[in-house]
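This briefing goes through a predicted model. It is grouped by topic and begins with one strand and its surroundings.

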Amino acid sequence: MATATATATAAAAAASSSRLPFRRAASSSSSSQLRLPAVPPPHRASFAVVALHKRNPKRLKYASQRQFTRGDAGMLRVQVEPSGEDAWKLEPVVELINRGAVGIIPTDTVYSIVCDLSNNDSVERLRRIKGIGDSKPLSILCRSLRDIDTYTTGFPRGTNQGQANIFRAVKRVIPGPYTFILPATKELPKQCIRHGSSTRYAKRRQVGVRLPDDPICEAILQNLDEPLICTSVKSLSEDEWILDPVIIADIYEQQGLDFIVDGGTRIADPSTVVDMTGSYPTIIRQGKGPKLDWMVAEDEEQESRPTFAYKAA
């Protein structure tokens with residue numbers, strides 16, 4: 001009799017359980033096997049808030065756009081022989097650049113702050129680290145003449161109508177300590193082009209291009225998929241170049257620099273800047289590169305200028 005009563009009670013309980021809503025039934029049957037927290041752990045909620053902040057550029061204008069994080073190790077320092085004989089040490093530098101890092105490398109003139117040309121966030125960080133606004137010009141460190149032809153209209157090749165072949169003359173001096181200002185093409189990102197009412201070339205799309213004659217710089221460039229945007233390293237308080245990489249590291253690490261390539265102390269000679277957008281190749285800053293017979297000084301008299309002229313493309 002007792003056994004029959006117990007059996008009936010169990011059957012009634014099973015029937016009652018089958019009529020419960022699914023969630024309640026599942027909870028009742030599995031509570032003894034799996035214990036789940038009633039609320040998510042606190043760290044999940046805080047992560048969601050951080051993710052929202054990272055997507056809000058107005059709140060974190062620079063930190064949110066930074067794609068590369070140095071981590072606890074701080075700035076990477078790589079010392080390389082000026083001859084570039086140990087260029088294998090540059091492999092982590094190339095990797096960092098591809099990941100969006102901003103750093104300093106030597107050139108055939110002075111040290112330069114560089115980053116990936118197509119990384120908008122990195123270009124913004126470069127400007128912030130250097131302490132320059134959007135109106136200040138940036139140059140391109142090119143891997144070859146092909147890069148120059150891609151991002152600018154290139155050097156005039158000459159015509160049958162008497163137009164001079166400037167391209168042939170330029171090929172004799174590059175790689176070398178010259179920056180040539182040329183009209184930019186649409187391939188060049190807008191943030192790389194000088195603009196703003198305070199600049200000399202405000203109304204025209206122009207950019208300076210370089211092919212440095214330096215083994216360390218060349219080793220880095222040849223292992224990248226794109227050229228580098230660059231600006232020379234100067235003192236943050238004075239308008240003068242810093243030539244010692246140890247001093248550069250001490251100053252710019254505090255500004256958020258990601259890496260520096262130590263290629264030895266440089267000489268205090270910047271590149272010679274030649275404007276190729278007018279009727280004559282005009283030197284607007286005399287630097288390490290000597291003035292050649294097909295160039296004119298900015299203040300040179302009209303009568304003493306070369307007899308040839310060309311039209312900028």
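Strand β9 is covered on both of its faces, with T272 and V274 buried on one side and V273 and D275 buried on the other. In a regular strand, side chains alternate between the two faces of the sheet. The model in which this strand sits is a predicted one, and the points below follow β9 to its partners and then turn to the sheet, a buried aspartate, the salt bridges and the cysteines.

**Strand β9 and its partners**
- Strand β5, residues 178–183, runs parallel to β9, residues 272–275, and four bridges join the two.
- Along this pairing Y178 stands opposite T272, while F180 stands opposite V274.
- With strand β10, residues 282–285, β9 pairs in the antiparallel sense over three bridges, and V274 has I283 as its bridge partner in β10.
- The connection from β9 to β10 is a hairpin through six residues.
- P290 belongs to the loop between β10 and β11 and counts as partly exposed, its relative accessibility being 49%.
- Although P290 and T272 are 18 residues apart along the chain, their C-alpha atoms are separated by 7.5 Å.
- When neighbours within four places in sequence are left aside, P290 is in contact with Y178 and M295, and Y178 is the residue that stands opposite T272.

**The sheet and the overall fold**
- The protein has nine helices and eleven strands, and an open sheet of eleven strands is arranged in the order β1-β8-β2-β3-β7-β4-β6-β5-β9-β10-β11, with mixed pairing.
- At the edges of this sheet are β1 (76–79) and β11 (296–297), each of which pairs on one side only.
- Helix α5, residues 120–130, packs on the sheet and touches both β3 and β7 (228–232), and its direction makes about 160° with that of β3.
- Of the 313 residues in the protein, 43% are buried.
- Among contacts in the protein with a separation of 6 or more, 67% are between residues 24 or more positions apart.

**A buried aspartate without a salt bridge**
- D116 lies in strand β3, residues 112–116, and is buried because its relative accessible area is 15%, under the 20% cut-off.
- What is the nearest side chain of opposite charge to D116, and how far away is it? That side chain is R143, at 9.2 Å, and D116 has no salt bridge; because a salt bridge requires a side-chain nitrogen and a carboxyl oxygen within 4 Å, R143 at this distance does not supply one.
- Not counting residues up to four places away in sequence, D116 touches I97, V123, E226, P227 and L228.
- D225 is 109 residues from D116 in sequence, yet the two are 9.3 Å apart in space, C-alpha to C-alpha.

**Salt bridges**
- The count comes to eight salt bridges.
- D258 and R125 meet in a salt bridge through their side chains, with an N to O distance of 3.0 Å; since D258 lies in the loop between α9 (245–252) and β8 (259–262) and R125 in helix α5, the pair ties together parts that are 133 residues apart in sequence.
- Both D258 and R125 are buried.
- R266 and D214 form another salt bridge, in which the closest N and O atoms are 2.9 Å apart; R266 is in the loop between β8 and β9 and D214 in the loop between β6 (206–210) and α8 (215–221), so this pair ties together parts that are 52 residues apart in sequence.
- R266 and D214 are likewise both buried.
- In the salt bridge between D86 and K89 the closest N and O atoms are 3.1 Å apart, and here D86 is buried at a relative accessible area of 9%, whereas K89 is partly exposed at 28%.
- R77, D250 and E253 are linked in a network of salt bridges.

**Cysteines**
- The structure holds zero disulfides.
- Why does C142 form no bond with C230? The sulfur of C230 is the closest cysteine sulfur to that of C142, but at 8.9 Å it is too far for a bond.
- C217 is in no disulfide either, the nearest cysteine sulfur being that of C230 at 8.1 Å.
- C142 is buried, with a relative accessible area of 2%, and C217 is buried with a value of 0%.

Methods. Residues are numbered from 1 along each chain as its sequence is written. This is a predicted model: local features need pLDDT of at least 70, side-chain atom pairs count only at pLDDT 80 or more; totals for chains, interfaces and linings use all residues. Side-chain values use heavy atoms; hydrogens and water are left out. Buried means under 20% relative accessible area, exposed over 50%, partly exposed in between (1.4 Å probe, protein chains only). Lys and Arg count as positive and Asp and Glu as negative; His and the chain ends are not counted. Contact means heavy atoms within 4.5 Å. A disulfide is a pair of cysteine sulfur atoms within 2.5 Å. Two strands pair if DSSP finds at least two bridges between them. Axes are lines fitted to C-alpha atoms, for helices over the stretch in contact, and angles run from 0 to 180 degrees between N-to-C directions.
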